[in-house]
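The following explanation leads through parts of a predicted model, beginning with a single residue and continuing to a helix.

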Amino acid sequence: MGALEGKVAIVTGAGRGLGRGISLALAKEGASIGIAEIDAATGQSTAAEIAALGVGSLAVECDVRDRSKVESTVEAVASQFGGVDILVNNATGARQEDAFRSMLEHTPEQFERQLQVDVLGSFHFMRACHPHLRASGAGRVINLSSSAGTERGAGFAAYSAAKEALRALTGVTAREWGRDAITVNSLCPVAVTDAMEEWFRRNPEIAEKQLESVSLGRHGDPERDIGRVVVFLCGPDAGFITGQTLWVDGGSVIHA
Ligand SMILES: NC(=O)c1ccc[n+]([C@@H]2O[C@H](COP(=O)([O-])OP(=O)(O)OC[C@H]3O[C@@H](n4cnc5c(N)ncnc54)[C@H](O)[C@@H]3O)[C@@H](O)[C@H]2O)c1
């Protein structure tokens, strides 16, 4: 029997990359998965992979910025599977073409998109899921932040600002929801997705520098290295961990 048998998780932006890997890891432990993805085709394809594992899956086309769509997505998942125990806010407004763009080169549109998807979208989902997480008796929220934010990475002003705002929101919510037995944590990952591999192929010098910064000397895998840690944070052994930031990055960031 899987560690998350009978649990229901919502993962935003799960059509590809880390969201897909996290969804597969949760599903392999028996959780039913609701996928909230702006790209309907990729959302459906992850849902099909999960259904093939023999667990419940539902893909909903959802822009996390749209509060009423977020609310109807949460209700669709809750009514199909009988509740929501786990929320993973993974969707991001980051685009590859925005990477390594100085603060002065940022556009207001880029800044707004980043804040709206990463911060406001997570805010909408946490609020909409709260009654279900409380009813669960062991609710879990994992918000994807980034070492670009915690380390103030040059070239990532909007991304860093959004991810740090989300980390602050995570801590405040952890304090406020603790008495509801809901844990709320931040995870700062480093893992290579198909999209990043393609980008690395076009920018080999960045790929080399990135790998150099990883103490373990290898790239992370979305499902094995990140998804499995999310499984742990969602399971019974992590019930006393809340308001924390976990860097799952092969030792790229090591704080004193
Ligand atoms: N990959 C890494 O090494 C890394 C490092 C640090 C932080 N992160 C964080 O982890 C998360 C996943 O990263 P990734 O590399 O898989 O990203 P990605 O860009 O490959 O995937 C993001 C997903 O979110 C979806 N999405 C975008 N806007 C949306 C919206 N408005 N509503 C719903 N869905 C939307 C996209 O369609 C896509 O499927 C992100 O929050 C990212 O910032 C990743």
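Apart from its neighbours within four places in sequence, Ser23 is in contact with Val11, Ala14, Ile33, Ile35, Thr46 and Ile50; two residues are in contact if their C-beta atoms, placed from the backbone, lie within 7 Å. This is a predicted model, in which local features need pLDDT of at least 70, side-chain atom pairs count only at pLDDT 80 or more, and totals for chains, interfaces and linings use all residues. Residues are numbered from 1 along each chain as its sequence is written.

Ser23 belongs to helix 1 (residues 17-28). Helices (H or I, at least four residues) and strands (E, at least two) are DSSP runs, numbered from the N terminus. Ser23 is buried, because 31 other C-beta atoms lie within 10 Å. A residue counts as buried if 20 or more other C-beta atoms lie within 10 Å of its own, as exposed if 12 or fewer do, and as partly exposed in between, with C-beta atoms placed from the backbone. Between Ser23 and Gly34 there is a separation of 11 residues in sequence and 8.8 Å in space, C-alpha to C-alpha.

Helix 3 offers a second example. Its buried residues are Val70, Thr73, Val74, Val77 and Phe81. They cover an arc of only 95° around the axis, so they lie on the same side of helix 3; the arc is that of the directions from the helix axis to the C-beta atoms. These buried residues pack against strand 1 (8-12), strand 2 (32-37), strand 3 (57-61) and helix 4 (108-136). On the face turned away from the buried side, helix 3 carries the exposed residues Ser68 and Ser79. Just after helix 3, Gly82 adopts a positive phi of about 90°.
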